[in-house]
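Here is a model to explore by question and answer. Look it over before reading on.

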Amino acid sequence: MDGIEINFDGLIGPSHNYAGLSLGNVASARNAGAVSRPRAAALQGLAKMRRLMELGLPQGFLPPPRRPHLPTLHRLGFGGTAADTCAAAWRADPGLFARAASASAMWTANAATVSPAPDTADGRCHLTVANLATMAHRSLEAEDTLRVIARVFGMQRHFAVHPPVPASYGDEGAANHMRLTAGHGAPGIELFVYGEARPGGFPARQDRRASEAVARLHGLDPARTLFIAQSRAAIDAGAFHNDVVAVANERVLLVHEQAFADQPAVLAEIARLMPEAVILEVPAAEVSLADAIGSYLFNSQIVTLPTGAMALIVPAETQDTPAVRDWLARSIGGSGPIDRLEVIDVRESMRNGGGPACLRLRVVTDAVGLAALDPAFVLTEHRWSQLHRLVETYWPEAIDPAELGHADVWQAWGAAYDALDAWIGAPR
Ligand SMILES: N=C(N)NCCC[C@H](NC(=O)CCC(=O)O)C(=O)O
């Protein structure tokens, strides 16, 4: 198969705010209560998509679901019109309203787990939507995500879309999944990283049983599938997803020395299964876990450019952290496997713990599969400009979380979703 990777970035929604909802995510906790800038946030996300398009890569987007999530507020006993429901929920419990209003679906690395066709038993690309069951605000995403993923990947000859695994087994999607392969279109090995909770420690958000279920649903070869325990040190330092301490692309694995519980055994097993793998292990002595997590070095995208060269798309925060900046200067380019560095600004998302890699769901397909995608969600230069204009027109400039439930705030979001729906062209 001639493998092509397309990234689907989450369009950052008009309700983007800092509510401090994610225990174990240090950036979310640190910025709780700060004023957010939804328009700037969405424009930063769009600029990242544009940069990847300029690098010659296909790019898609997934739209933000409507917030506040009225069905949840109704199920929680708030009723009447939308205005009544929101007013009552905000009055009764602002924290609960904030959960229903979060724009967290922007982090599409948590939308689904994707196994490309060369790895699966039936030769189709399989996607399992994540249940995101561990965090209340994120668990609201699955229903809408399933609907939009089923629409984008509706062509069943090429894609198989699975609903989330039962919520008793937390699944956070591609953020805890990596694939190593000689080339996108060749069979690969798939690595699922799960966490184990420590009493008193931060929550482990990926259940091993959920990962095993996804591997079964996708028809993966057990001999080419690894289930890897995340290190507790990483979880407790704030690596609430594996993609905060590791990232892979084709034959390259970039990983912090303290990412996995039994790292030497894991790396040996990877080398045994895939001798051509190139493992770039960053020693803790050079970049501490705290610096890795603070700068989001590993939440970078590694992409293969049309020339075959690889680029590392890093957040600007990596340049503010001396140990990380120096490691990048030493390690990228030259004789290493990653040829160039692209620094991008997604600071609004970063302040909620979402870097470049969190904002995208990568899907490997081929030219025929690419043509089968719903074109409403694939960007051309023209469609990117239209989306940019729409965000400039409708997205609010700032949100103070202390005012989240005020009617004028959430009503403005409604106008933005209506405009977006009209532009996309059909109900989602
Ligand atoms: N690593 C990946 N792939 N994704 C990042 C997700 C960030 C998200 N932050 C939040 O949900 C914070 C929302 C708030 O506090 O307002 C989370 O913790 O689930």
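Q: How are helix 2 and helix 15 oriented to each other?
A: In this predicted model, helix 2 (residues 38-54) and helix 15 (residues 381-394) pack at an angle of about 170°, with their axes 10 Å apart. Axes are lines fitted to C-alpha atoms over the stretch in contact, and angles run from 0 to 180 degrees between N-to-C directions. Angles over 145 degrees count as roughly antiparallel. The two helices are therefore roughly antiparallel.

Q: Which residues of helix 15 make the contact with helix 2?
A: Contact requires C-beta atoms, placed from the backbone, within 7 Å. Helix 2 brings Arg39, Ala42, Leu43, Leu46, Met49, Arg50 and Met53. Helix 15 answers with Trp384, Leu387, His388, Val391 and Glu392.

Q: Why do the buried residues of helix 12 line one face?
A: A residue is buried if 20 or more other C-beta atoms lie within 10 Å of its own, and exposed if 12 or fewer do. In helix 12 (residues 322-331), Val324, Trp327 and Leu328 are buried. Seen down the helix axis, the directions to their C-beta atoms span little enough that they line one face: they fall within an arc of 100°.

Q: Which exposed residues sit on the face of helix 12 turned away from its buried side?
A: The buried residues pack against strand 11, helix 11, strand 13 and strand 14. The face turned away carries Pro322, Asp326, Ala329 and Arg330.

Q: How is this model numbered and filtered?
A: Local features need pLDDT of at least 70 and side-chain atom pairs 80 or more, while totals for chains, interfaces and linings use all residues. Residues are numbered along each chain as its sequence is written, from 1.

Notes: Helices (H or I, at least four residues) and strands (E, at least two) are DSSP runs, numbered from the N terminus. Two residues are in contact if their C-beta atoms, placed from the backbone, lie within 7 Å. Angles under 35 degrees count as roughly parallel, over 145 as roughly antiparallel, 65 to 115 as roughly perpendicular and the rest as oblique.
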